[in-house]
Amino acid sequence: MSATDGPLVLGIESSCDETGVGIVRGRTLLADAVASSMEQHAPYGGVVPEIASRAHLEAIVPMIQLACERAGIRLAQLDAIAVTSGPGLAGALMVGVGAAKALALALDKPIHGVNHLAGHVAVDQLEHGPLPEPCLALLVSGGHSNLLQVNDITSDIVSLGNTIDDAAGEAYDKVARLLGLSYPGGPVIDAEAASGSSVAIDFPRGLTSRRDLERHRFDFSFSGLKTAVARWVEARQRAGEPVPVADVAASFQEAVCDVLTRKAIDAATHTGIDHLVISGGVAANSRLRALAEERAAARGIQLRVPKRNLCTDNGAMIAALGAEIVARGHRPSALDFPADSSQPVSQVWV
Ligand code: KG4
Ligand code: ZN
């Protein structure tokens, strides 16, 4: 490893439905190979854990080979291996953790079991350079909706808020299903919303009443919104009237993006932190990006949103976090660490 370039790290991600293997040198992305089992889950309208685990088993070795090929490196050159130890689906995590341990043992390399959520934040370094610390992070995907205060990306992350029910992406997927749209719901609702009116229907903004804010200032709730959309659509159908899909999509999307950005900006004001990273699959949403930019600019907050393929689950984010952990001199993980499906975000590495 050269001090100027940083450590050469391979990262493995298998917490949900993407089998990702990324390779970085320090903060430079060398390769990012991702296989997704999304299509196999589509008929069920959501991720089926058993299907995801089997798909990881099939994809993991080809993705490792592809990443090495793309980066032009041999495994023997690596300085360390990083892998998502949690949170995520237990069976899915075990495939990545098992593969990473086998590599570490066979190659006699240090291994770092790392937190998936921290990886979503660390990945931004590959595109926008060193992460300002402290910064705030809004992570929104099919599996998570978190508002984080990142004081040190390798050792000090504080959870400010969480969803208390559905994740933001999950709400998109469920609302798409009840509108008869395809899975995953985010991109199709985003596209439908473009021709609809965001003020056509006044859908509820979860956990924003004065009383809710006392206990849940930075928490999210999307299941009430999903139910409100379902009731509204059912009422139209009962009355024999057509459902204005574009208006429902746009009004639903506005409710989600309004709450996400409002709470993220409120957290910035509350903490005095003026950098906000938004990541996760829902960060691809056009309205979320536009509203976040508008509201951040109005408050003098610097917004960082990684490009789409780095926002969704991938191995590069795990490699990026692993490289930062190595560069800052933290110890490797013991080889017997478990996959922890509910690993808290405060535990950046195991
Ligand atoms: O990060 P990701 O690929 O996987 C995890 O869930 O971890 O996120 C997938 C989620 C899905 O729920 C999908 O509907 C949502 O991200 N998504 C979007 C958009 N593109 C993907 N949601 C809103 N707008 C989009 N354009
Ligand atoms: Zn994720």
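Where is the place of cysteine 257? Cysteine 257 is placed in helix H10, which spans residues 245–271. The legends below describe close-up views of a predicted model.

**View 1. Cysteine 257 in helix H10.** With a relative accessible area of 0%, cysteine 257 is buried. Its C-alpha atom and that of arginine 205 are separated by 9.6 Å, while the two residues stand 52 residues apart along the chain.

**View 2. The zinc ion (ligand 2) and its four donor residues.** Three histidines and one aspartate coordinate the zinc ion (ligand 2): His116, His120 and His144, each through NE2, and Asp313 through OD. The coordinating distances run from 2.1 to 2.7 Å. Angles subtended by the 4 donor atoms around the zinc ion (ligand 2) range from 87 to 163 degrees, which makes the arrangement irregular. A tetrahedral label would require all angles to lie between 85 and 135 degrees, and the upper value here is 163 degrees. Along the sequence, the donor residues of the zinc ion (ligand 2) follow the spacing H-x3-H-x23-H-x168-D. Histidine 120 and aspartate 313 form a pair that links distant parts of the chain, 193 residues apart. Histidine 120 belongs to helix H4 (residues 116–122), whereas aspartate 313 sits in the loop between helix H12 (308–311) and helix H13 (315–327). Both histidine 120 and aspartate 313 are buried.

**View 3. The surroundings of ligand 1.** Ligand 1 is surrounded by 18 residues, and the closest are Gly142, Asp173, Gly186, Asn285 and Asp313. Asp313 is also a donor to the zinc ion (ligand 2). A backbone N or O atom of glycine 142 is 2.8 Å from an oxygen atom of ligand 1. For glycine 169, a backbone N or O atom is found 3.1 Å from an oxygen atom of ligand 1. Serine 141 contributes a polar side-chain atom, 3.4 Å from an oxygen atom of ligand 1. On its own, ligand 1 has 550 Å² of accessible area, of which the protein covers 92%.

**View 4. Aspartate 173 in helix H6.** Aspartate 173 is among the closest residues to ligand 1. Its relative accessibility is 15%, so aspartate 173 counts as buried. The C-alpha atoms of aspartate 173 and isoleucine 189 are separated by 8.8 Å, with the two residues 16 apart along the chain.

**View 5. Cysteines 16 and 135 without disulfides.** Searching the whole structure gives 0 disulfides. For cysteine 16, the closest cysteine sulfur is that of cysteine 311, and the 16 Å between the two sulfurs is too far for a bond; a disulfide would need the sulfur atoms within 2.5 Å. Cysteine 16 counts as partly exposed because its relative accessibility is 22%. Cysteine 135 also has the sulfur of cysteine 311 as its nearest cysteine sulfur, 14 Å away, and is in no disulfide. The relative accessible area of cysteine 135 is 0%, so this residue is buried.

**View 6. Two cis peptide bonds that lead into prolines.** The peptide bond from glutamate 133 to proline 134 is cis, and its omega is near 5 degrees. Proline 134 is part of the loop between helix H5 (124–128) and strand E6 (135–140). Tyrosine 183 and proline 184 are likewise joined by a cis peptide bond, with omega about -5 degrees. Proline 184 occupies the loop between helix H6 (168–178) and helix H7 (185–193).

**View 7. Positive phi at aspartate 108 and leucine 207.** Aspartate 108 is not a glycine, yet has a positive phi of about 60 degrees. This aspartate 108 is in the loop between helix H3 (90–107) and strand E5 (111–115). Its relative accessible area is 70%, so aspartate 108 is exposed. Leucine 207, another residue other than glycine, has phi near 55 degrees, a positive value. Leucine 207 lies in the loop between H7 and helix H8 (210–216). At 9% relative accessibility, leucine 207 is classed as buried.

**View 8. Glutamate 234 in helix H9.** Helix H9 covers residues 223–238 and includes glutamate 234. Glutamate 234 has 33% relative accessibility and therefore counts as partly exposed. Between the C-alpha atoms of glutamate 234 and proline 204 the separation is 17 Å, and the two residues are 30 apart along the chain.

Terms used. Residues numbered from 1 in each chain as written. Chains lettered and ligands numbered in written order. Predicted model: local features only at pLDDT ≥ 70, side-chain atom pairs only at ≥ 80, totals over all residues. Heavy atoms only, no water. Donors = N, O, S within 2.8 Å, 3.2 Å for Na, K, Ca; no water. Tetrahedral: all angles 85-135°; square planar, octahedral: opposite > 155°, others 65-115°. Helix = DSSP H or I, 4+ residues; strand = E, 2+ residues; numbered from the N terminus. Buried < 20%, exposed > 50% of the residue type's maximum accessible area, 1.4 Å probe, protein only. Near = heavy atom within 4 Å. Polar contact = N/O pair within 3.5 Å; in protein donor to acceptor, adjacent residues only side chain to side chain. Areas by Shrake-Rupley, 256 points an atom, 1.4 Å probe, with all protein chains shown as cover.
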